[in-house]
Amino acid sequence: MSSPARRVFLFDVDNTLLNNDRVTADLKDHLREAVGEECATRYWIFFEDLRKERGYADYLGALQRFRSENPQDRDFIKISSFLLGYPFPDRVYPGAKEAIWHVRSHGLTAILSDGDVVFQPWKIIRSGLFDAVEERALIYIHKEHELAQVEAELPAEHYVLVDDKIRILTAVKEIWKERVTTVFVRQGHYALDMDLVAQYPKTDVTIESIGDLRNLDPSTL
């Protein structure tokens, strides 16, 4: 971009635009059917270990560890095919794309997400969200640590960050201060954990679902 935009609306993906809790639940059901309860439990142990190590959900990384522990087991094909063929468009929240289109006339829209370098982009593209933001997507390991890069990629006078994780919203607010409006979307298990939410200050705006963004005047954000 040659000059800063007036506003840039940054949208998280998992449990903000797309029901990732449902994706995880479907994968758990599939794992039990495909590889049995014991192997499914091992997969989720790897998954949680990697989440602690890397700070994001690494579905394919957990599958790689599962295969390393069971190199002769061919059931990993059933898992990988399930992940790659998953119907992500069906998990986009009602009103999510309309919310993006609602604010588009008042600034640029973009995705700002955490995740791995293969599955997270695949999810964003397959779900149709990549097209909804006109192919502007930034994916980092820890997005709250990459705000200088966000500014370089998408310079703006003001940012609006829409996210289900109040921890992320708080961290970004501490850095960008009045340059950002934080919008907390109360969807997904993080947003509905009242003990967790109570540990952080209130955000600038709170909505119950991403579709509620359509009821707000974008010029006031």
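User: Why does Phe88 count as buried?

Analyst: Phe88 sits at 0% relative accessibility, and buried means under 20% relative accessible area, with exposed over 50% and partly exposed in between (1.4 Å probe, protein chains only). So 0% puts Phe88 in the buried class. Bear in mind that this is a predicted model, where local features need pLDDT of at least 70, side-chain atom pairs count only at pLDDT 80 or more, and totals for chains, interfaces and linings use all residues. Residues are numbered from 1 along each chain as its sequence is written, and side-chain values use heavy atoms, leaving out hydrogens and water.

User: What makes Phe88 and Phe119 an edge-to-face pair?

Analyst: Rings of Phe, Tyr and Trp (its six-membered ring) pair if their centres lie within 6.5 Å; planes under 30 degrees apart are stacked, over 60 edge-to-face, and the rest tilted. Phe88 and Phe119 have 5.8 Å centre to centre and 65° between the planes, so they meet both cut-offs for an edge-to-face pair. The pair links distant parts of the chain, 31 residues apart: Phe88 is in the loop between helix 3 and helix 4 (96-104), and Phe119 is in helix 5 (residues 119-126). Helices here are DSSP runs (H or I, at least four residues) and strands are too (E, at least two), numbered from the N terminus.

User: Which residues share the aromatic cluster with Phe88 and Phe119?

Analyst: Tyr43, Trp44, Phe47, Tyr59, Phe82 and Tyr86 join them in one cluster. The structure holds nine aromatic pairs.

User: Why is helix 1 called roughly antiparallel to helix 3?

Analyst: The axes of helix 1 (residues 20-54) and helix 3 (residues 76-84) come within 10 Å and cross at roughly 155°. Axes are lines fitted to C-alpha atoms, for helices over the stretch in contact, with angles from 0 to 180 degrees between N-to-C directions. Under 35 degrees is roughly parallel, over 145 roughly antiparallel, 65 to 115 roughly perpendicular, the rest oblique; so helix 1 is roughly antiparallel to helix 3. Asp26, Leu27, His30, Leu31, Ala34 and Val35 of helix 1 meet Lys78, Ile79, Phe82 and Leu83 of helix 3, where contact means heavy atoms within 4.5 Å.

User: Is Arg32 buried, exposed or partly exposed, and how do you know?

Analyst: Arg32, found in helix 1, has 38% relative accessibility, so it counts as partly exposed. Leaving aside neighbours within four places in sequence, Arg32 is in contact with Glu37 and Ala40.

User: And what makes Ser113 buried?

Analyst: Ser113, in strand 2 (residues 108-114), has a relative accessible area of 1%, so it is buried.
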